[in-house]
Amino acid sequence: QSPFGAQAISADSRNSESHMVLDFQAGRDIGVGLFGRNGSSTLNFGVRFAQFQSQSRVTLDEDPDWHFVITTFARIGTKVLRLPHQAYHTYEGHFGAERSFHGIGPSLSWKSVMPVVRNGQDSELTLDVGLNAAVLFGRQKVHIQHETAAQYHAPGHGIAENPGRVPVYHHPTDAPAYYSTRDRNVTVPNVGGFAGMSFRYDNAKVSFGYRADFFFGAIDGGIDTRKTYDRNFYGPFATISIGLGG
């Protein structure tokens with residue numbers, strides 16, 4: 001459609017991600033903690049499952065040089081009739097990407113607890129630290145599609161020598177959009193750790209601290225060619241635990 005407004009550009013971008021990490025572990029107390037005989041350490045072996053998914057959508061519409069050109073339409077005697085004609089270029093672009101990683105593998109974690117303040121057997125304040133590592137084997141997938149088109153309207157009557165929408169990749173106008181799909185087996189190393197404090201009273205415990213987890217090369221973030229990116233998660237955390245007794 002002919003643009004009846006001034007120079008303009010319209011862009012819309014939307015991105016979303018979802019992440020899920022599940023751990024199944026069994027632990028064993030390995031004796032004194034990192035900070036002395038009053039502490040304790042636990043070594044856990046198990047399986048970690050991770051799933052990362054992301055979607056991106058970008059739409060671009062542009063009319064960069066909208067303007068009027070005055071041309072001679074007719075001569076009536078000594079008078080010249082001139083009319084304005086609209087000249088413009090229009091550009092459109094559409095981009096979409098879906099990326100994912102699903103992996104599972106063995107995991108190992110270590111946790112050490114050191115009492116800082118203790119009040120009998122009912123309450124205590126502890127310093128908690130821990131490390132974890134895993135190797136995930138899974139599938140890395142990406143689906144990319146994008147299409148661009150341009151239209152030129154000359155300042156005279158009608159459409160110029162390239163009428164209609166002409167895709168940049170020189171496909172016929174009825175051809176499907178350009179797309180690229182990659183799917184491969186990958187191995188993703190994962191390491192992490194945390195440090196925090198816990199307060200226990202009777203059968204209830206409140207913990208807070210800082211946690212970090214790094215998944216190296218988990219996502220294929222490339223467009224025409226593969227390019228891997230890490231997925232890193234870090235920040236403060238807080239948990240509340242309540243025992244059921246027994």
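This is a short talk on the fold, the core and one surface patch of a single chain. The model is predicted, so please keep that in mind throughout.

I'll start with the overall layout. The chain has nine strands and zero helices. Read from the N terminus, the order of elements is β-β-β-β-β-β-β-β-β. There are 246 residues, and 30% of them count as buried. Now the contacts. Taking those with a separation of 6 or more, 71% are between residues 24 or more positions apart. The accessible surface is about 15,800 Å², and carbon and sulfur atoms account for 58% of that area.

Next, the inside. Which residues make up the largest nonpolar core? There are 10 residues: Ala50, Phe52, Phe101, Ala134, Leu136, Val186, Val188, Phe215, Ala218 and Ile219. At least two residues of this core come from each of strand 2 (40-63), strand 5 (123-153), strand 7 and strand 8 (204-220). Strand 8 gives the largest share, three residues.

Take Leu136 as one member of that core. Neighbours within four places in sequence are left aside here. Leu136 then has contacts with Ala50, Phe101, Val186, Val188 and Phe215, among others. Its list also includes Arg48, Gly103, Ile104, Gly105 and Thr187.

Now a polar residue, Asn190, which sits in strand 7 (residues 178-201). Is Asn190 buried or exposed? Asn190 has a relative accessible area of 1%, so it counts as buried. What does its side chain have as a polar partner? A polar atom of the Asn190 side chain lies 3.0 Å from the backbone oxygen of Phe214. Again setting aside neighbours within four places in sequence, Asn190 is in contact with Asp213, Phe214 and Phe215, and also with Asn132, Ala133, Ala134 and Arg48. Two of those names, Ala134 and Phe215, were in the core I listed a moment ago.

Finally, the outside. A nonpolar patch on the surface is formed by Met20, Leu22, Phe24, Val47 and Ile104, with about 420 Å² of accessible area together. Strand 1 (residues 8-29) supplies the largest share of the patch, three residues. Phe24 is in strand 1. Why is Phe24 called exposed? Its relative accessibility is 55%, and the cut-off for exposed is over 50%. Ile104 is worth a second look: it belongs to this surface patch, and it is also in contact with Leu136, which is in the core.

To recap: nine strands and zero helices, a largest nonpolar core of 10 residues, a buried Asn190, and a nonpolar surface patch that includes Phe24.

How values were computed:
Residues are numbered from 1 along each chain as its sequence is written. This is a predicted model: local features need pLDDT of at least 70, side-chain atom pairs count only at pLDDT 80 or more; totals for chains, interfaces and linings use all residues. Side-chain values use heavy atoms; hydrogens and water are left out. Helices (H or I, at least four residues) and strands (E, at least two) are DSSP runs, numbered from the N terminus. Buried means under 20% relative accessible area, exposed over 50%, partly exposed in between (1.4 Å probe, protein chains only). Contact means heavy atoms within 4.5 Å. Accessible areas come from the Shrake-Rupley method with a 1.4 Å probe; for residues, only the protein chains shown count as cover. Patches are made of residues with over 30% relative accessible area and no salt bridge: like charges are joined within 9 Å, nonpolar side chains (Val, Leu, Ile, Met, Phe, Trp, Tyr) within 5 Å. A salt bridge is a side-chain nitrogen of Lys or Arg within 4 Å of a carboxyl oxygen of Asp or Glu. A polar contact is a pair of N or O atoms within 3.5 Å; within protein, one must be able to donate a hydrogen and the other to accept it, and residues adjacent in sequence count only if both atoms are side-chain atoms. A nonpolar core is a set of buried Ala, Val, Leu, Ile, Met, Phe, Trp, Tyr and Cys residues joined through side-chain atoms within 4.5 Å.
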